[in-house]
Amino acid sequence: MTYWIFVFTTALISGLFFYTAIRKAAMRLTAFQVFGVVQMVMLFGYALSRFGILLEQRLQNGFWPPIGEWLNPQFHWYGAVLGVAVVWFCLLFIGYRNRQNVQVFFGVLAQTACIIFFFGKLGCFADGHGGCIGGPTQLAWGVTYSWGDAASAVPLHPAQLYSALGVLLLFLLLRFKIGVMWSTAAFFLLHSLTEFWLEFLKPMPRLFLGSLSLAHVTYLAVFVVGAVGAMTMVWQRKNLPQISPN
């Protein structure tokens, strides 16, 4: 029940922010075009998220789960981030003539994603979701969960709170320092680096090189997409008109 309260709060706050920020940016996109891009982002995000879960099970168990597992609503955050990164990168080229709109739209979306991650991670912590917990720690702020499927008799890293703090700081940086045009590239670069190191605190299956999880590999892919996308934007910048930084 607690988690769904956070889901509702997240949807309300992030939806209002996205709507007002898009209006403020005065994008030259119709409501139909905005709706289409949002649906594309959701589809790719969900598809790559589900594929990540199935691939992880394949690497662990040696066989693919039943095809019906694609319909399971469970998802990994890192898979969704990679899905959005792929859509953004493709649209930088496909929508070349409307690249300013693409950058503004995804810049607002990146800032909105920080809000979604912030409340989402708080919801995972409040619900005691086992998929987001950290490993054992001797630190004073270690959490001994007595709720949810994360219940443990030993103190654990509150990895969800680390992530929530990280995206809160990232939101402030994107919103008030970097600006909407470069928010997407900065989000993928900085968020992927932060989450990459936080993954070492989590008891995830180490499937690559003895110490890397599938999340590690995925965040490396997100970082590469963000870096190449940023270089592409620099290359295109000479033809972009100036707009308000926020």
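1. In this predicted model, the buried residues of helix H6 are Ser183, Thr184, Ala185, Ala186, Phe187, Phe188, His191, Ser192, Glu195, Phe196 and Leu198. The elements that cover these buried positions include H3, H4, H5 and H7.

2. The geometry of H6 agrees with its length: the helix has 16 residues and reaches 22 Å from its first C-alpha to its last, close to the 22 Å expected at 1.5 Å a residue.

3. Within H6, Phe187 deserves separate mention. Leaving aside residues up to four places away in sequence, Phe187 touches Ala110, Ala113, Cys114, Phe117, Leu170, Leu174 and Ser192.

4. Phe187 and Phe188 also belong to the largest nonpolar core, which comprises 42 residues. Together with Trp88, Phe105, Phe106 and Phe117, they are the residues with the most contacts inside this core. Two or more residues each come from helix H1 (2–25), helix H3 (77–94), helix H4 (99–127), helix H5 (159–178), helix H6 (183–198) and helix H7 (214–236). The greatest contribution is that of H4, which supplies 13 residues.

5. The cysteines call for a short comment. Cys114, one of the residues touched by Phe187, has a relative accessible area of 1% and is therefore buried, as this lies under the 20% limit. Cys90 has 34% relative accessibility, so it counts as partly exposed, a class that lies between 20% and 50%.

6. How many disulfides does a search of the whole structure find? The search returns zero. A disulfide is a covalent bond joining the sulfur atoms of two cysteines.

Note on methods: Residues numbered from 1 in each chain as written. Predicted model: local features only at pLDDT ≥ 70, side-chain atom pairs only at ≥ 80, totals over all residues. Heavy atoms only, no water. Core = buried A, V, L, I, M, F, W, Y, C linked by side-chain atoms within 4.5 Å. Buried < 20%, exposed > 50% of the residue type's maximum accessible area, 1.4 Å probe, protein only. Helix = DSSP H or I, 4+ residues; strand = E, 2+ residues; numbered from the N terminus. Contact = heavy atoms within 4.5 Å. Disulfide = S-S within 2.5 Å. Expected span 1.5 Å × (residues − 1).
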